[in-house]
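Welcome! Have a look at the structure below, and then we can walk through it together, one question at a time.

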Amino acid sequence: AAIDIGSNAVRMLICYVFPSGDEYVFQKNSYLRLPIRLGEDSFKKGIISNEKISLLTNAILSFKYIMKVHGVKDYKIYATSALRESRNSKEVISIVKKNTDLKIELITGLKEANTISKGNSLEKIEFNKTFLYVDVGGGSTELTIISDGEKQTSKSFSIGSVRLLEGKVQKSYWNVMHDWINDSTRSLGQIKAIGSGGNINKIASMLGKYKGESVSRTAIKKIIKKINTKDIQDRITVLGLRPDRADVIIHASKIYLNCMKWAAAKKIIVPQSGLADGMVSQLYDHYKSNNIG
């Protein structure tokens, strides 16, 4: 089981793992997403409020019982930018541990980027191509360059959908991201983009795309233009967006579109996997090394 404490939501993914020859297959058994939005506190006030701490504690406690029902053998709980940047993060982690007996690990942006990229098998990527992997969260964006089937470099940026919603992204943040993409891709030739995160998954599904298919920059702009004509209520009732997605999807799309533009990528592949998938892969690698062979 993988629990991802993000800036917009807290997610739990439970997978069965089946051997298949020399490989192994992950079968997603349960997925639960709770829109707690820790970034609302962290990015505006610098601390997580008692109300959010209570919500988070109850969420983790509910996950604990669900894991027990599923017979989960091992788990990880990673917390990303919202909790990482909060001044009372240690207190929050301590309270959750005391009430649930489950341990939260704060991870760096670099570890987040590396874990996310682990959720997609590099063997499935065209070996002779170069990719910019873009994962947009509520509080940060993780970028990874993959060239000739190998990860070349990764970096985390303090630009996310909730952070943009709260007006906490300075122009200099965009400049740093732009310069990093330019410097990292300048000598790599044609770039393809890979996108992960709930917002790009939703955009792809709204465009009728299946898992692993590509979405063009033009198509993203077109669907975002449609979304932008609706108020929040109509985005929810007419377009079927969740309340905690309806107010951030425009902001998230800006990040994807800028990254694609700066990398000169006309299309973005949407594998519909993210941090939790990489965490499950890490867990099984650890299990294999301790129990198999």
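What follows is a set of questions and answers about this predicted model.

Q: In what order do the five strands of the open sheet lie?
A: The sheet is open and its pairing is mixed. β3 (23-34) and β5 (105-106) each have a single partner strand, so they stand at the edges, with one side of each left without a neighbour in the sheet. Reading across, the order is β3-β2-β1-β4-β5.

Q: Which helix packs on the sheet?
A: The helix to look for touches β1 (2-5), β2 (10-20), β3 and β4. Its direction makes about 20° with that of β2. It covers residues 50-70 and is helix α2.

Q: Is I60 buried or exposed?
A: I60 is found in helix α2. Leaving aside neighbours within four places in sequence, I60 is in contact with I3, I5, V10, I77, V96, T100 and L102. Buried means a relative accessible area under 20%. I60 has a relative accessible area of 0%, so I60 is buried.

Q: How far apart in space are I60 and R11, C-alpha to C-alpha?
A: Along the sequence, I60 and R11 are 49 residues apart. In space, the distance between their C-alpha atoms is 9.7 Å.

Q: In which sense do β1 and β4 pair?
A: The two strands are joined over four bridges. One pair to find is D4 with its bridge partner in β4, Y78. The sense of the pairing between β1 and β4 is parallel.

Q: Which residue of β5 stands opposite Y78?
A: Strand β4 (residues 76-79) pairs with β5 in the parallel sense over two bridges. A79 has L106 as its bridge partner in β5. Opposite Y78, the β5 residue is E105.

Q: Which residue meets D4 in a salt bridge?
A: Side chains of opposite charge can pair when their charged atoms come close. D4 has a relative accessible area of 8%, so D4 counts as buried. The N to O distance in the salt bridge is 3.1 Å, and the partner of D4 is R11.

Q: How many residues apart in sequence are the parts that D247 and R37 tie together?
A: D247 and R37 form a salt bridge, with their closest N and O atoms 2.8 Å apart. D247 lies in the loop between α11 (243-246) and α12 (249-262), while R37 lies in the loop between β3 and α1 (39-45). R37 counts as buried, at 8% relative accessibility. Because of where the two residues lie, the pair ties together parts whose separation in sequence is 210 residues.

Q: Which residue forms a salt bridge with E166?
A: E166 sits in the loop between α6 (161-165) and α7 (171-185), and its partner is in helix α1, 122 residues apart. E166 is buried, with a relative accessible area of 18%, whereas the partner counts as partly exposed at 48%. The closest N and O atoms are 3.9 Å apart, and the partner is K44.

Q: How many salt bridges does the count come to?
A: Beyond single pairs, there is also a network of salt bridges linking R33, R242 and D244. The count of salt bridges comes to 13.

Q: How many residues lie between β6 and β7 in their hairpin?
A: Strand β6 (residues 130-136) pairs with β7 in the antiparallel sense over seven bridges. T130, in β6, stands opposite S147 in β7. The number of residues between the two strands of the hairpin is four.

Q: How many of the seven residues of strand β7 are buried?
A: On one side of β7, T141, L143, I145 and S147 are buried, and on the other E142, T144 and I146 are buried. Strand β7 (residues 141-147) is therefore largely enclosed by the rest of the structure, and the buried count is seven of seven.

Q: Which side chain makes a polar contact with the side chain of E142?
A: E142 belongs to strand β7 and is buried, yet has no salt bridge. A salt bridge needs a nitrogen to oxygen distance within 4 Å, and the nearest side chain of opposite charge, R84, is 4.9 Å away. The polar contact of the E142 side chain, at 2.4 Å, is with the side chain of S156.

Technical notes:
Residues numbered from 1 in each chain as written. Predicted model: local features only at pLDDT ≥ 70, side-chain atom pairs only at ≥ 80, totals over all residues. Heavy atoms only, no water. Pairing = 2+ DSSP bridges. Contact = heavy atoms within 4.5 Å. Axes fitted to C-alpha atoms, helices over the stretch in contact; angles between N-to-C directions. Buried < 20%, exposed > 50% of the residue type's maximum accessible area, 1.4 Å probe, protein only. Lys, Arg positive; Asp, Glu negative; His and termini not counted. Polar contact = N/O pair within 3.5 Å; in protein donor to acceptor, adjacent residues only side chain to side chain.
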